[in-house]
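Biologist: I am new to this structure and should like to understand how its charged residues are described. Might we look at it together?

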Amino acid sequence: VQLQASGGGLVQAGGSLRLTCAASGRTFSSNAVGWFRQAPGGEREFIAGISGSGNTDVADSVKGRFTISRDNAKKMLYLQMNSLKPEDSAHYYCAARKYTLISRSGYDFWGQGTLVTVSS
């Protein structure tokens with residue numbers, strides 16, 4: 001699976017962004033996929049994951065503000081980010097597992113990051 005993330009940018013606090021991740025490969029619908037982020041000098045952080053069947057898992061730090069979704073027919077993964085805060089600023093990465101079940105770790109395929117900057 002190859003992944004290409006896009007949609008990052010500069011936004012004011014309280015604003016919204018929608019990240020997209022385009023996937024290529026024959027088995028996207030059976031792969032669990034997810035979003036991670038990494039701020040400068042920080043560790044990579046799990047944000048949200050979605051199974052092949054649509055079950056989701058969202059980190060407490062963004063629950064209620066971020067929504068993960070997927071369109072298997074289009075081989076697309078989305079992250080709708082609302083009520084953004086300056087601490088949400090980071091490089092955001094999409095990733096895929098070989099397996100269909102959600103996990104907060106154990107991702108096998110990674111896209112390049114897209115930068116989100118939230119100004120105060």
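The exchange below concerns salt bridges and burial in this predicted model.

Biologist: Why is the pair Glu45 and Arg37 called a salt bridge?

Modeller: The N to O distance between their side chains is 2.8 Å. A salt bridge requires such atoms within 4 Å, so Glu45 and Arg37 meet the rule.

Biologist: Why does Arg37 count as buried, and Glu45 as partly exposed?

Modeller: Buried means under 20% relative accessible area, and exposed means over 50%. Arg37 has 7%, so Arg37 is buried. Glu45 has 29%, which lies between the two limits, so Glu45 is partly exposed.

Biologist: What makes Asp88 and Arg37 a link between parts that are apart in sequence?

Modeller: Asp88 forms a salt bridge with Arg37, with the closest N and O atoms 2.9 Å apart. Asp88 lies in the loop between strands S8 and S9 and Arg37 in strand S4, so the pair ties together parts 51 residues apart in sequence. Salt bridges that share partners join Arg37, Glu45, Arg65 and Asp88 into one network.

Biologist: How do you know that Arg97 has no salt bridge?

Modeller: The nearest side chain of opposite charge, Asp108, is 5.4 Å away. The limit is 4 Å, so this pair does not qualify. Arg97 is nevertheless buried, and a polar atom of the Arg97 side chain lies 2.7 Å from the backbone oxygen of Leu101. That distance is within the 3.5 Å limit for a polar contact.

Biologist: How many salt bridges are there by this rule?

Modeller: The count comes to five.

Definitions and conventions: Residues numbered from 1 in each chain as written. Predicted model: local features only at pLDDT ≥ 70, side-chain atom pairs only at ≥ 80, totals over all residues. Heavy atoms only, no water. Buried < 20%, exposed > 50% of the residue type's maximum accessible area, 1.4 Å probe, protein only. Lys, Arg positive; Asp, Glu negative; His and termini not counted. Polar contact = N/O pair within 3.5 Å; in protein donor to acceptor, adjacent residues only side chain to side chain. Helix = DSSP H or I, 4+ residues; strand = E, 2+ residues; numbered from the N terminus.
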